[in-house]
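This report describes selected helix contacts, a salt bridge and a surface patch.

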Amino acid sequence: MYPAKKNTVLFAVLGISLAMLFVINISFGSVSIPFKDVFTSLAGNGAQKTTWEYIILNYRLPKAITAIITGIGLSVSGLLMQTLFRNPLAGPYVLGLSSGASLGVAFVILGSGLLPAFLSGFLLSPYGTVIASVAGSSLVLLAVLVVAQRLKDTMAILIVGLMFGSFTSAIVGVLTYFSTAEQLKKYTFWSLGSLGNLPWHNIALLGASCLAGLIVAAICIKPLNALLLGERYAKSLGINFNRTRLLIIIATSIMAGSITAFTGPVAFIGLAVPHMAKLIFKTSNHLILFWGTLLTGAGILLLCDTITQLPGTDLTLPINAVTSIVGAPVVIWLLLRKRKGVYS
């Protein structure tokens with residue numbers, strides 16, 4: 001089969017799989033809803049039971065859309081980071097954005113007792129948590145951008161990002177040490193990640209942020225192919241490496257920062273999915289990998305979210321637990337099979 005025709009078939013399979021996972025995700029849960037009622041409800045014709053329609057439109061549909069947006073944003077961010085640093089273990093949070101967001105939320109949740117009552121009450125609301133997360137990740141982003149302008153070595157930026165992460169983790173550790181059990185419990189729940197309970201206007205804001213990041217990432221597709229062979233090769237082709245690096249960092253920061261703000265840190269999707277896409281398409285062409293990673297990431301996170309609901313029970317697992325269980329073995333297996341950058 002010719003490569004173009006083969007890729008078309010693979011994209012079609014991924015698209016159909018994503019649609020199926022979307023319907024399955026909405027159907028399964030503590031209350032099982034027939035597929036027919038899911039379709040009729042989504043089409044605006046209502047379901048057999050008003051309770052089913054309420055569950056679909058007000059809980060499961062927003063959560064499924066959030067899962068798709070989150071899967072797309074983190075997966076594409078991971079692809080950008082792995083290509084920029086030429087490191088298979090690089091992910092969307094390698095620049096310290098997640099740690100910055102965690103620090104902002106830790107100040108709000110764990111340090112709320114040190115603030116005035118009116119300010120503490122606002123910051124402990126869902127909006128306060130989002131604002132704190134955005135503020136923390138934005139501060140780290142600004143610091144990384146300043147460093148990126150001064151350092152020419154890309155690996156040095158990677159090390160700086162890891163140092164930012166270690167520094168913020170140390171401060172979170174100090175705050176944790178002096179916190180109450182109730183504060184620790186709330187912070188732990190946030191750190192486990194959650195795709196649910198987002199109102200529609202928050203989902204719209206999250207979608208707009210990720211769309212902006214994807215547009216910036218799409219601009220970098222051609223330079224990304226050149227970066228696979230190294231910085232010098234890219235420059236020999238006339239590519240402005242510093243501009244490309246800055247755009248990649250901005251795109252990743254927009255997507256990873258906004259996702260962390262609204263859903264908490266979701267692990268392993270950005271690290272594992274780009275490897276899965278490379279295994280599926282067997283190519284290093286980012287024009288194909290960009291869309292392949294996008295579709296694969298959305299489908300994988302929908303699958304993970306479906307597993308968290310433990311269909312037929314009232315229990316719900318943390319999304320981070322499932323993504324780590326699925327992602328860690330996959331990454332280990334893929335790295336063992338990796339031969340000189342080509343997946344066999």
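## Surface patch and helix packing

Leu 237 is located in the loop that joins helix H11 (231-236) to helix H12 (241-263); helices are DSSP runs of H or I with at least four residues, numbered from the N terminus. The model is predicted, so local features need pLDDT of at least 70 and side-chain atom pairs count only at pLDDT 80 or more, while totals for chains, interfaces and linings use all residues. Residues are numbered from 1 along each chain as its sequence is written, and side-chain values use heavy atoms, with hydrogens and water left out.

Together with Leu 228, Leu 229 and Tyr 233, Leu 237 makes a nonpolar surface patch of about 380 Å². Such a patch joins nonpolar side chains within 5 Å, from residues with over 30% relative accessible area and no salt bridge; areas follow the Shrake-Rupley method with a 1.4 Å probe.

Two helix pairs are listed below, with angles from 0 to 180 degrees between N-to-C directions of axes fitted to C-alpha atoms over the stretch in contact.

| Helix pair | Angle | Axis distance |
|---|---|---|
| H1 (residues 3-27) and H3 (residues 50-85) | about 140° | 9 Å |
| H9 (residues 200-219) and H12 | about 165° | 8 Å |

The angle makes H9 roughly antiparallel to H12 (over 145 degrees). Among the residues in contact (heavy atoms within 4.5 Å) are Leu 205 and Cys 210 of H9 and Ala 251 and Phe 262 of H12. For the other pair, H1 is oblique to H3. That contact includes Phe 22 and Ile 26 of H1 and Ile 56 and Leu 61 of H3.

H3 also contains Lys 63, which is tied to Asp 305 in helix H14 (residues 286-308), 242 residues apart in sequence. Their salt bridge has its closest N and O atoms 3.0 Å apart, the criterion being a side-chain nitrogen of Lys or Arg within 4 Å of a carboxyl oxygen of Asp or Glu.

Conventions:
Patches are made of residues with over 30% relative accessible area and no salt bridge: like charges are joined within 9 Å, nonpolar side chains (Val, Leu, Ile, Met, Phe, Trp, Tyr) within 5 Å. Helices (H or I, at least four residues) and strands (E, at least two) are DSSP runs, numbered from the N terminus. Angles under 35 degrees count as roughly parallel, over 145 as roughly antiparallel, 65 to 115 as roughly perpendicular and the rest as oblique.
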